[in-house]
Amino acid sequence: EMKDFTAKQNSIAKKEKQNGTNYRFGDQYPMGFVNWSEAMKFCRRLTEAEIAEKRIPQGWHYRLPTEAEWEYAARAGTSTPVFSGKQPDMRDEQSMTEFSQYGWTNPYSTNRVHEVATLKPNPWGLYDMVGNVCEWCLDIYAPFTSAEQTDPLVLEGPGMLRTFRGLNAHAVPSGTRVAKRKASNPRIPYWTFF
């Protein structure tokens with residue numbers, strides 16, 4: 001299955017290079033141009049392979065994180081807009097410099113993805129939680145309710161859009177607030193990483 005994704009990425013990279021943009025692909029780069037449906041299919045196939053090899057027990061499975069799980073992991077016990085502290089501001093060089101140590105965003109990303117784990121991790125040791133590439137979540141995109149919830153999973157909503165978090169290398173730092181959420185069609189391949 002990974003070979004199929006790699007072949008697809010190489011094809012996209014060739015077209016992007018012809019168009020004047022040069023995305024990079026390989027084992028040390030995040031998986032890109034994967035739509036939500038493909039990400040779910042990959043999780044199912046990975047689960048089947050891992051169970052067949054007895055690396056995980058029956059009843060366990062790989063899946064995308066819920067939106068709540070993703071935010072919990074990205075925040076890593078912090079309560080600030082971004083886990084690194086102060087919200088980056090293009091007019092504040094210090095906040096930009098501090099944030100550039102944690103997330104590949106413009107202007108530091110130069111509008112391209114970078115190898116994973118080349119910047120500092122969040123306090124829990126997770127790399128690339130903001131910037132570089134977006135990350136699909138399991139949930140259907142729906143407005144938040146005002147009711148308090150614990151570990152919510154949204155499986156019903158006004159449409160079929162799916163949530164993604166983290167933003168990408170094209171984003172400006174002010175858009176990387178951990179609570180920022182976006183949605184997309186589950187069958188359209190955006191520059192996303194799961």
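The following questions and answers concern a predicted model.

Me: Which helix has an end-to-end C-alpha distance that agrees with 1.5 Å a residue over 17 residues?
Reply: At 1.5 Å a residue, 17 residues should span 24 Å. The end C-alpha atoms, in a helix covering residues 36–52, are 24 Å apart, so the expected span and the model agree. The helix is α2.

Me: On how wide an arc around the axis of α2 do its buried residues lie?
Reply: The buried residues of α2 are W36, A39, M40, F42, C43, T47, E50 and I51. They sit on the same side of α2, because the arc that they cover around the axis is limited. On the other side of α2, E48 and A52 are exposed. The arc of the buried residues is only 160 degrees.

Me: Which residue caps the N-terminal end of α2?
Reply: The cap involves the backbone nitrogen of S37. A side-chain oxygen lies 3.0 Å from that nitrogen. The residue that supplies this oxygen is N35.

Me: Which residue in the loop between β3 and β4 has its C-alpha atom 5.4 Å from that of N35?
Reply: The two residues are 153 residues apart along the chain. Leaving aside neighbours within four places in sequence, the residue in question is in contact with N35 and W136. At 36% relative accessibility, it counts as partly exposed, because buried means under 20% and exposed means over 50%. The residue is I188.

Me: Is K54 buried or exposed?
Reply: K54 is found in the loop between α2 and α3, just after α2. Its phi is near 60 degrees, a positive value in a residue other than glycine. Most residues other than glycine have a negative phi. With a relative accessible area of 72%, which is over the 50% cut-off, K54 is exposed.

Me: Is D128 buried or exposed?
Reply: D128 lies in the loop between α4 and β1. Phi of D128 is near 55 degrees, a positive value in a residue other than glycine. Because its relative accessible area is 7%, under the 20% cut-off, D128 is buried.

Me: Which residue is joined to P107 by a cis peptide bond?
Reply: P107 is placed in the loop between α4 (93–99) and β1 (134–140). Most peptide bonds are trans. Here omega is about 0 degrees, and the bond is cis. The residue joined to P107 is N106.

Me: Which helix gives the most residues to the lining of the largest pocket?
Reply: About 420 Å³ of space lies in the largest pocket. The lining has 19 residues, and E67, A68, F144, Q149 and P152 lie nearest the centre. E67 is found in a helix of residues 67–75. The greatest contribution to the lining, six residues, comes from α3.

Me: What is the relative accessibility of E67?
Reply: E67 is found in helix α3 and is one of the lining residues nearest the centre of the largest pocket. Not counting residues up to four places away in sequence, E67 touches C137, D139, F144, T163, R165 and R181. E67 counts as buried because its value is under the 20% cut-off. The relative accessibility of E67 is 5%.

Technical notes: Residues are numbered from 1 along each chain as its sequence is written. This is a predicted model: local features need pLDDT of at least 70, side-chain atom pairs count only at pLDDT 80 or more; totals for chains, interfaces and linings use all residues. Side-chain values use heavy atoms; hydrogens and water are left out. Helices (H or I, at least four residues) and strands (E, at least two) are DSSP runs, numbered from the N terminus. Buried means under 20% relative accessible area, exposed over 50%, partly exposed in between (1.4 Å probe, protein chains only). Contact means heavy atoms within 4.5 Å. The expected span of a helix is 1.5 Å times one less than its number of residues. The arc is that of the directions from the helix axis to the C-beta atoms. A polar contact is a pair of N or O atoms within 3.5 Å; within protein, one must be able to donate a hydrogen and the other to accept it, and residues adjacent in sequence count only if both atoms are side-chain atoms. On a 1 Å grid over the protein atoms alone, a cavity is a set of points where a 1.4 Å probe fits but cannot get out, and a pocket is an open set with protein on both sides within 12 Å along at least five of seven lines; lining residues have an atom within 4 Å of a point. Grid points are joined across faces, edges and corners, and a volume is the space filled by probe spheres set on the points.
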